[in-house]
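Here is a short briefing on one protein model. Look at the sequence and the structure first, then read on.

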Amino acid sequence: MAALTPASTAPAVAPVRTGRRPRYWRGAVLTVAGLYFLTPLISSFVFTVHVPGQGLTFAAYSGILSAEGFTESLFLSLSLAAATIALALLLVVPALIAVRLGPPRLRAVVEIVCMLPLVVPPIALVTGIATVLRWGPDHFSRTPLYQTFLAVQNESFPVVLVLAYTVLALPFVHRSLDAGLRAVDVPTLVEAARNCGAGRLYVILRVILPNLRSSLAGASFLTLALVLGEYTVASLLGFRPFAVWIVSVSGAEARMSVAVSLLSLLITWALLLVLSRAGTGPSTAVPGAGPSTAGSAASPSAPAPAAAPTPVPGKE
């Protein structure tokens, strides 16, 4: 009988020993990548601190804070970045949630609309914006829209740049949030929250957004990097954010412009660390499940309840 076959009759299988081979190509790839990224940065730093005939000097860095227009341009770029992040998330997050809950055929439409800025060059976009800004005041001079055209071009905070940057950031925000929503069962979460009596705004803010913390941080960082490094739109429209200020200073102070570029890179990295920390939060426990209940349910070593003995015929 198969059930009474002793275990010794089964053929013994010799254990297969697999040794780990050293993969030198990983170290080679990392070394090449490190040299590719670090060599320009080190060369730029040496250029800023080494002056032929004078030796080492940090005058390029000590004069950054006192340079004319540095503080104003950096603060303007950070303000534009914050407004762009808020507007882009306000537009894309509800749209993608509605697409997840609505007909599936709308996903392709939303994706095409969000990907259009990758097809249209920024120079074409800014040319159209400049044409509208020149055409508007002439045709709406006797209407309330005239003040609107002037307000969006205010040099202290140009709203037109926020609108342009939002359009340019749509592909990156869409990709980041769409990847996060694909990993979340949105219909089930929404249905469960609505059955508990939660409203739509509560469902979005307290149920869906906490599950998209990493995606929101990634979209915010991509938008921040885009705004801090964008030059074409701001320059052609006549505004002076941080990137335009760096180019304007490079003509007179070459070493200072390179030093400011390195400083902007460090600022971007620091903000990336802040956003990455904001994107990772403590895991929340299941409501209503105490520690003892969760431990007993998840513990694999918990003893199973003893089964009742089976009665033997003739021995009752």
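How many of the 24 residues of H7 are buried? The count is 17 of the 24, so H7 is largely enclosed by the rest of the structure. Here, buried means under 20% relative accessible area, exposed means over 50%, and partly exposed lies in between (1.4 Å probe, protein chains only). Helices are DSSP runs of H or I with at least four residues, strands are runs of E with at least two, and both are numbered from the N terminus.

This is a predicted model: local features need pLDDT of at least 70, side-chain atom pairs count only at pLDDT 80 or more, and totals for chains, interfaces and linings use all residues. Residues are numbered from 1 along each chain as its sequence is written, and side-chain values use heavy atoms, with hydrogens and water left out.

**Confidence**

- The protein has a mean pLDDT of 79 (the predictor's confidence in each residue, from 0 to 100).
- A pLDDT of 70 or more is reached by 80% of the residues.
- Confidence is highest in helix H7 (residues 159–182), with a mean of 93.
- Confidence is lowest in helix H14 (residues 291–298), with a mean of 39.
- Residues 1–5 have pLDDT below 50, and beyond near neighbours in sequence this stretch has zero contacts in the model (contact means heavy atoms within 4.5 Å).
- Residues 312–316 also have pLDDT below 50, again with zero contacts beyond near neighbours in sequence.

**Helix H7**

- The 24 residues of H7 should span 34 Å at 1.5 Å a residue (the expected span is 1.5 Å times one less than the number of residues).
- The end C-alpha atoms of H7 are 33 Å apart, which agrees.
- H7 has a kink of about 45° at Ala-169 (the bend is the angle between axes fitted to the seven residues ending there and the seven starting there).
- The kink lies shortly before the proline Pro-171.

**Salt bridges**

- The structure holds three salt bridges (a side-chain nitrogen of Lys or Arg within 4 Å of a carboxyl oxygen of Asp or Glu).
- One of them joins the side chains of Arg-100 and Asp-178, at 3.1 Å from N to O.
- Arg-100 lies in helix H3 and Asp-178 in helix H7, so this pair ties together parts that are 78 residues apart in sequence.
- Arg-100 counts as buried because its relative accessibility is 14%.
- Asp-178 is buried too, at 11%.
- Asp-178 also forms a salt bridge with Arg-182, and their closest N and O atoms are 2.8 Å apart.
- Asp-178 and Arg-182 are four residues apart in helix H7, so about one helical turn separates them.
- Arg-182 counts as exposed, at 57% relative accessibility.
- Through shared partners, salt bridges join Arg-100, Asp-178 and Arg-182 into one network.
- Another salt bridge brings together the side chains of Glu-111 and Arg-175, at 3.2 Å from N to O.
- That pair links distant parts of the chain: Glu-111 is in helix H4 (residues 105–119) and Arg-175 is in helix H7, 64 residues apart.
- Glu-111 is partly exposed, with a relative accessible area of 27%.
- Arg-175 is partly exposed as well, at 45%.

**Aromatic pairs**

- A pair of aromatic rings is described by the distance of the centres and the angle of the planes.
- Rings of Phe, Tyr and Trp (its six-membered ring) pair if their centres lie within 6.5 Å; planes under 30 degrees apart count as stacked, over 60 as edge-to-face and the rest as tilted.
- By this rule the structure has five aromatic pairs.
- Among them is the tilted pair of Phe-45 and Tyr-61, with 6.1 Å between centres and 45° between planes.
- Phe-45 sits in helix H1 (residues 24–49) and Tyr-61 in helix H2 (residues 59–62), 16 residues apart.
- Phe-45 is partly exposed, at 39% relative accessible area.
- Tyr-61 is partly exposed, at 26%.
- Phe-70 and Phe-242 form an edge-to-face pair, with 6.0 Å between centres and 65° between planes.
- Phe-70 lies in helix H3 and Phe-242 in helix H12 (residues 242–250), so the pair ties together parts 172 residues apart in sequence.
- Both Phe-70 and Phe-242 are buried.
- Phe-70, Phe-242 and Trp-245 form one aromatic cluster.
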